[in-house]
Amino acid sequence: MNGTDRTQLCQLNCNTMSFDISIQREPNGKVSNFFGVNPWHHDLLVIFCFCFIFDWISCSCTDGADMHFNPISFTRRLSTLIESHPSPSFIGSKIKSLAQQSQYAEALKLYSPANATKFTFPSILKACASLSNLCYGKIVHSSVLALGLRNDLYIANSLVNMYVRCGSLDDAVRVFDELAESRASIQDVTIWNSLIDGYFRYGNLGEGICKFGEMQLLGVRPDEYTLSILLGACDGLLGCMQGKQIHGYVVRNMFSGDNFLETALIDMYSSCGRPRDALVLFDNLVDRSNVVAWNVLISRLTENNLWEYSLRFYSLAKNENVDLVSATFSSALSACCCGGDMCFGRQVHCDVIKMGFHDDPYVSTATLTMYAKCGSVRDAECLFSQLEREIESWNAMISAYVSNGCVHDAMEVYNQMRASGTKPDSITLSNILTSCSMALLHNFGRSVHADLSKRPIQKNVATQSSLLTMYSKCGNIEDANLVFSCMTERDVVAWGSMISGFCQNGKYEEALDLYKEMKNDGINLDSNIMASVLDACAGLEKISLGKAIHGSVVKSGLASDTFVSSSLIDMYSKCGLPDRAAVLFSNTPHKNLVTWNSMMSCYSRNYLPELSINLFSQIMEQGKNPDSVSITTVLAAISSLASLLKGKTVHGYLVRQEILWDLQVENGLIDMYIKSGCINYAEQIFQKMPQRNLVTWNSMMSGYGNNGDYLKPIQLFEEMRILGIAPDKVTFRSLISSCRHSGLVEEGLKLFDLMKEGCQIEPEIEDYVNIIDLLGRAGRLDDAYRFIESMSVVPDRSVWLCLLSACRIHKNVELGEVAASNLLRMEPDTGSNYVQLLNLYGEAELQDQAAQLRASMKEKGLRKSPGCSWIELRDRVDVFYSGGSSTQSTGDICNTLTNLNRNMGKIVVDDTCIEAF
């Protein structure tokens, strides 16, 4: 044959059997007709033909038959084939048996187009659907077409179901439409159910409803499975009102009493947030032995935060002798996780062992997770050591360590898993990436990313979201953004991870831009995203935008979400509106500990420490247990008041309740004792700490300096450097401050140079002021002035005020006037600036200049803000202002002083008593 022929012929001669394939081609090479079928079947039939040919070739190779290759024919003996191969009916029965036993891969291996019959296809298509093997499913479909079985109802329904479960809805619709055109079996409800399920499965609500209406118009009556499909769509697509209408249809058409439908109705009401209606339905069940209904109720009650009721129904199911299955135990253990009830969880674990479900992988994994969520890592480890090491158990143990902050243990289990030859899946890698995020293991995270890039699971949305979070937490927002931009599919978690990453790295404008892009794309926002957006508003102090988003939160129904309400409180707090935050807090119906902590932090941040301390007392009155954040927040409030008695009370509470201390709590206690003047208590805590971070060292150095021990910070600094802890700018401020108080000028200047040159820390205004004060106290005013002139930043008020104070101490009027002129030029309306210069003139006995300055202050109406001091007595703090009577006890104090003066005037001092004393 030459290339110009319009017909190419391939003929297979098998002794008495021949099979001819004719392909009509146009001159341009396009196929014009292929067995007289429509163009959609061309690819499927080509696949079938070649599979058929090569199957026969492989058979001939096994029996040693003669095979002659030429452009036209292949020859073999048919009798040899019959002798060496079992009958198609036997193979069909074997495939059906394997599919029934869920051995789908073995069923596919046994299948061949040469031995397929109409009874083989439903089972083999079921195997393709279960394995989501679309490619093999299309090969089987080609065999169906070649054998002329496309109008067989049972096979057509299997094809629709296979395409739906393999994600090819268009092919499923095409099969259905071809069947409808033939008018063969359109009255059968089964194939309608398969297609409607496909539409709802992939979110095509409108098309699914239209098919349901079309089915009824054609006189096809919905059955129980049809109604169950519709009820399953009520959760996210149809809604509760439509679910009630379907419930009414069930009652009117006498479907009541069907176990399948009753379970679907219980599931629908529970998933729509109406557990009361679900309980009413459950109480009216005809068959209370239906374990599926029990499982649905126990699971859905937990999802509705009614975990205590879930555990009650689990106990009730045991008492009514219901045959419990693995799903029952898994649901009960999930309820224990939700409520943190490890005691009941242990009881369920005992039931699992008694009833022989301890080897079930789902139950054992759920038990391990329960122990982990309840904080008992040791019990989780013990259970893990007894399990067969499947991927589920590995993942559960890694997740247990991650959820309890045991990052390095999680890494060790991950390495053991890889050494055992078990390949990690997307869940494993998501947990490991979370570990990298927690421990800021950027390099390890990058190596995991490199492994991912070699495998198909790199395109998994959950894994990519974990990569985003890892890069964001490690401060590499550029790589996070690159991962996000390369994602072909983005779910709401991925968007939330990217917005949160921008906020964590101070990129608030970018976070808000991404939020606007989400809204424009019509993506539904969840509570995590709204909380991140509110953080961005707080970071930019855009209160008007924050209020607008608050309005959006209310409209979307997320205002009752405790996570969102906590973020709103935090946003108003950072924008300096504690009153609005307080109103929002009081209107929050269900306050969790995060909400209380946010409000405490709000008061503390806005200089209302007393209210913050009062809230801490209310937390305990509400029966809640304060966590480390609560303790740290209240200690910060107490430190600002230097209220030693309250601080000791909190410390005693920690000891009595045996609350585990973390690093933040210990640092908070050290800071509280230092600011209350009890450096010895702070030192005792410091010495007993098993772990110290830079904040700990900085607090102690600052504390020693503030309490007069100026040499101790330098000793601590040397210890810190020996341990390899890198100092920051706070460290150097504390050290230089100690040097200026102890007169160690040269040491202070060396530390300043070490900060700039050795540690590459750029000095800020506060650091420059430290050096100016160091030089000023030593009387080196000219050096201080030259230092100001050499500054790389523009001097502000604090710089000139520090120099002016030093000039006043050393009575350097000329340089003091220079400092004062710069100071008054910056802030001409601040009374305290004039007072410093006035004191300089007074102490230098320059009365004329002092008089002129007083007149200028009086003309401008300026006065100095009074100084204040306070004292704590009997759980109460009184503040006293210079020249004022601002406290409620002023009258009592004045009366007491008057009485003391009067009594002292009456006392006759005996000289002999004085000498004896």
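# Notebook: a walk along a predicted model

I began with S132, which sits in the loop between α5 and α6. I kept in mind that this is a predicted model. S132 is not a glycine, yet I found a positive phi of about 50 degrees for it. I then looked up its cover: S132 has 46% relative accessibility, so it counts as partly exposed.

I wanted a second residue with this kind of backbone angle, and I picked N305. N305 is in the loop between α16 (291-303) and α17 (307-319). Its phi is near 60 degrees, again a positive value in a residue other than glycine. N305 counts as exposed because its relative accessibility is 61%, and the cut-off for that word is over 50%.

**Helix α14**

Next I turned to α14, which covers residues 259-271. Does its length agree with what its residue count leads one to expect, or disagree? I worked with 1.5 Å a residue, so the 13 residues should span 18 Å. The C-alpha atoms at the ends of α14 are 18 Å apart, and so the two values agree.

Is α14 largely enclosed or largely open? I noted that ten of its 13 residues are buried, so the rest of the structure largely encloses this helix. Among the buried residues I listed L261, L265, I266, M268 and Y269. The buried list also includes E262, T263 and S270. After α14 comes G273, and I noted its positive phi, near 80 degrees.

**Salt bridges**

I then looked up charged pairs. How many salt bridges does the count give? The count comes to 26. I followed three pairs in detail.

My first pair was D152 and K118, whose side chains meet in a salt bridge with 3.5 Å from N to O. This pair links distant parts of the chain, as the two residues are 34 residues apart. D152 is in the loop between α6 (134-146) and α7 (153-165), while K118 is in the loop between α4 (104-110) and α5 (121-130). K118 has a relative accessible area of 39%, so I marked K118 as partly exposed.

My second pair was D451 and R418, with their closest N and O atoms 3.5 Å apart in a salt bridge. D451 is in helix α25 (residues 442-452) and R418 in helix α23 (residues 407-419), so this salt bridge ties together parts that are 33 residues apart in sequence. I checked the cover of both partners. D451 is partly exposed, with a relative accessible area of 27%. R418 is partly exposed too, at 43% relative accessibility.

My third pair was E766 and R733, which form a salt bridge at 3.2 Å, N to O. Which helices does this pair tie together? E766 is in α44 (residues 765-777) and R733 in α42 (residues 729-742), so parts 33 residues apart in sequence are held by this pair. Are the two partners buried or exposed? R733 counts as buried because its relative accessibility is 14%, under the 20% cut-off. E766, at 48%, is partly exposed. I also noted that E766 and R733 belong to one network, in which salt bridges with shared partners join them with K729, E764 and D767.

**Patches on the surface**

I looked for patches next. Which residues form a negative surface patch? I wrote down D359, E388, E390 and E392. I took E390 for a further look: E390 is in the loop between α21 (377-386) and α22 (391-403). With 43% relative accessibility, E390 is partly exposed.

I also found a nonpolar patch on the surface, formed by I893, L897, L900 and M904. Together these four have about 380 Å² of accessible area. I893 is in helix α50 (residues 890-906), and at 32% relative accessibility I893 counts as partly exposed. I added a general reminder for this entry: an α-helix has 3.6 residues a turn, so residues three or four places apart point the same way.

**Two contacts across the sequence**

Last, I looked up two pairs by their C-alpha atoms. D491 and V461 are 30 residues apart in sequence, and 7.1 Å separates their C-alpha atoms in space. D491 is in the loop between α27 (477-486) and α28 (492-504), and at 29% relative accessibility D491 is partly exposed.

For I543 and Y572, I found 7.6 Å between C-alpha atoms and 29 residues along the chain. I543 is in helix α31 (residues 543-556). I marked I543 as partly exposed, with 24% relative accessibility.

Key: Residues are numbered from 1 along each chain as its sequence is written. This is a predicted model: local features need pLDDT of at least 70, side-chain atom pairs count only at pLDDT 80 or more; totals for chains, interfaces and linings use all residues. Side-chain values use heavy atoms; hydrogens and water are left out. Patches are made of residues with over 30% relative accessible area and no salt bridge: like charges are joined within 9 Å, nonpolar side chains (Val, Leu, Ile, Met, Phe, Trp, Tyr) within 5 Å. Accessible areas come from the Shrake-Rupley method with a 1.4 Å probe; for residues, only the protein chains shown count as cover. Lys and Arg count as positive and Asp and Glu as negative; His and the chain ends are not counted. The place of a charge is taken as NZ of Lys, CZ of Arg, CG of Asp or CD of Glu. Helices (H or I, at least four residues) and strands (E, at least two) are DSSP runs, numbered from the N terminus. Buried means under 20% relative accessible area, exposed over 50%, partly exposed in between (1.4 Å probe, protein chains only). The expected span of a helix is 1.5 Å times one less than its number of residues.
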